[in-house]
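Open the model in your viewer and keep the selection box handy. We will go stop by stop, and at each one you will find something to click on.

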Amino acid sequence: MKRVLTALAVAAAAAWVAWDVPFAIGRRPRGERVTRSPQYRDGAFRNQAEPTPVEPGAMRNTLRTLIRENAGRKPAGPIPLVGPLAPIDTGLHITWHGHATSLIELDGSRVLLDPVWSDRVSPSRLVGPRRLHQPPQPIESLPRLDAIVISHDHYDHLDLGAIRTLTRTQEAPFVVPLGIGAHLERWRVPANRIIELDWHESYEIGAVTLTATPAQHFSGRGFKRDGTLWASWVIDGSEKKVFYTGDSGYFAGYREIGAQYGPFDATLVQIGAYAPGWPDIHMTPEEGVASHVDVRGGLLIPVHWATFSLAPHPWTDPVDRLLVEADKQGVAVAIPKPGERVDVSAPPKLDYWWNDC
């Protein structure tokens, strides 16, 4: 009987995985939704810049280090969290929920960036990088949203569980780069709530304009890559303006974004998950500061760190290096705890909370 129950359990688990994983992978887009883009050539989306030459074996060495060496990649104690806060209808306030997930409250409008609430960033709930801290508040307790913005389709930015919950609990549109709508349709998001944009295309929600701008990255949730577009984002209100890098390597496009859309009152800059083996897809902290300067940013708020261990560096390395470079460049920085709201007009003093973790 025990063997029978074990066999049934294994069969049930296999059936669950067979359904769960393909569903999480989503659907590859086809037709005009991708081919109309100038960024789409020879069957895939392309970056503006040519790939950076990488030393032979750099990727292999990076992956070997990632698998074998864990020292300093996780906090020794709990990361402090700040609980849910009442909505604010005036000014510019930014709440970082961990990794890249951020809520922008601008002139009474609320824009949620890259919502990720799952325990793992993976097509499976059983394997993959796991959270270093819990979300600071339940996704169901978020205030009414005006837009949900996605930068690209990687699992640490496009979270099936979060998308399905937000589809059920919110009425806001999903504003995404070209092609990502195919994933959302697969996950039963209504078509009238899907807004797909190419670089330099915009969508207005009340007094706020959302514009997709270039980034240097890649996409893909399965074995095929670059079937959907990736983007940085401009969030432009009546008086204040925010820039979000999304995931990106450092490239000349930041200066062009700054010239065309800047200056910005605040930037949300990716600073974590860098390694010698992938210089084109994630910025180092020093490059993150350079991107902030290029786009003519005011207050820099770092994201893409402290929530998932995705690279060989120690978990506090991104923010420690960022502060050194920001001091050299005279850049103002706010480093909130997950769930802590930042008033961009009066940012909090640095309290170095990560040193106590």
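The tour below starts with confidence, moves through pockets and cavities, and ends with some individual residues.

**Stop 1: colour by confidence**

This is a predicted model, so begin by colouring the chain by pLDDT. The average over the chain is 92, and 94% of the residues score at least 70. Now select residues 1–18, where the pLDDT is below 50. Beyond near neighbours in sequence, this stretch makes 4 contacts in the model. Where pLDDT is low, the predicted coordinates should not be read in detail.

**Stop 2: the largest pocket**

Select H154, F218, W278, I281 and H282 and centre the view on them. These are the residues closest to the centre of the largest pocket, out of 44 that line it. The pocket holds about 1300 Å³ of space. What mix of residue classes makes up the lining of the largest pocket? Colour by class and you will find 20 nonpolar, 13 polar and 11 charged residues. Then highlight helix 3, residues 58–68: this helix gives the most to the lining, with 3 residues.

**Stop 3: the second largest pocket**

Next, select S118, R125, D159, L160 and G161. They lie nearest the centre of the second largest pocket, which is lined by 19 residues. About 350 Å³ of space lies here. The lining divides into 8 nonpolar, 4 polar and 7 charged residues.

Which helices each supply at least two residues of this lining? Show helix 1 (2–25) and helix 4 (160–169), and you have them. Helix 1 gives the most, with 4 residues. Keep the first stop in mind here, as the pLDDT over residues 1–18 is below 50.

Stay with helix 4 for a moment. At its start, a side-chain oxygen of D159 reaches to within 3.2 Å of the backbone nitrogen of G161. Further selections in this helix to try are L160, A162, I163, T165, L166 and T167, which are buried.

**Stop 4: the enclosed cavities**

Rolling a probe the size of a water molecule over the atoms shows where empty space is left. Counting those of 30 Å³ or more, there are 2 cavities in this model.

For the largest, select A306, F308, S309, L310 and H313, the closest to the cavity's centre among 15 lining residues. Its volume is about 120 Å³. The lining has 10 nonpolar residues, 4 polar ones and 1 charged one.

For the second largest, select H97, G98, T101, V116, W117, R131 and P135, which line it. This cavity has about 30 Å³ of space, and its lining comprises 3 nonpolar, 3 polar and 1 charged residue.

**Stop 5: E105**

Now zoom to E105, in strand 4 (residues 101–106). Is E105 buried or exposed? Its relative accessibility is 1%, so E105 counts as buried. Two polar partners are worth showing as sticks. The side chain of R341 makes a polar contact with the E105 side chain at 3.1 Å. The backbone nitrogen of I88 also lies 3.1 Å from a polar atom of the E105 side chain. Leaving aside neighbours within four places in sequence, the contacts of E105 include P87, G91, L92, H93, T95 and R110.

**Stop 6: D226**

Go to the loop between strand 10 (208–213) and strand 11 (232–236) and pick D226. With a relative accessibility of 15%, D226 counts as buried. Leaving aside neighbours within four places in sequence, D226 is in contact with A44, F45, F218, S219 and G220. You met F218 earlier, among the residues closest to the centre of the largest pocket.

**Stop 7: backbone curiosities**

Most residues other than glycine have a negative phi, and most peptide bonds are trans. Here are three places to check against that.

- Select G262 and P263: the peptide bond between them is cis, with omega near -5°. P263 sits in the loop between helix 6 (253–261) and strand 13 (264–270).
- Select R296, in the loop between helix 7 (285–294) and strand 14 (297–303). This residue is not a glycine, yet has a positive phi of about 65°. At 40% relative accessibility, R296 counts as partly exposed.
- Select H304, in the loop between strand 14 and helix 8 (317–329). Its phi is positive too, near 70°. H304 is buried, with a relative accessible area of 2%.

Note on methods. Residues are numbered from 1 along each chain as its sequence is written. This is a predicted model: local features need pLDDT of at least 70, side-chain atom pairs count only at pLDDT 80 or more; totals for chains, interfaces and linings use all residues. Side-chain values use heavy atoms; hydrogens and water are left out. On a 1 Å grid over the protein atoms alone, a cavity is a set of points where a 1.4 Å probe fits but cannot get out, and a pocket is an open set with protein on both sides within 12 Å along at least five of seven lines; lining residues have an atom within 4 Å of a point. Grid points are joined across faces, edges and corners, and a volume is the space filled by probe spheres set on the points. Ala, Val, Leu, Ile, Met, Phe, Trp, Tyr, Cys and Pro count as nonpolar, Asp, Glu, Lys and Arg as charged, and the others, Gly among them, as polar. pLDDT is the predictor's confidence in each residue, from 0 to 100. Contact means heavy atoms within 4.5 Å. Buried means under 20% relative accessible area, exposed over 50%, partly exposed in between (1.4 Å probe, protein chains only). A polar contact is a pair of N or O atoms within 3.5 Å; within protein, one must be able to donate a hydrogen and the other to accept it, and residues adjacent in sequence count only if both atoms are side-chain atoms.
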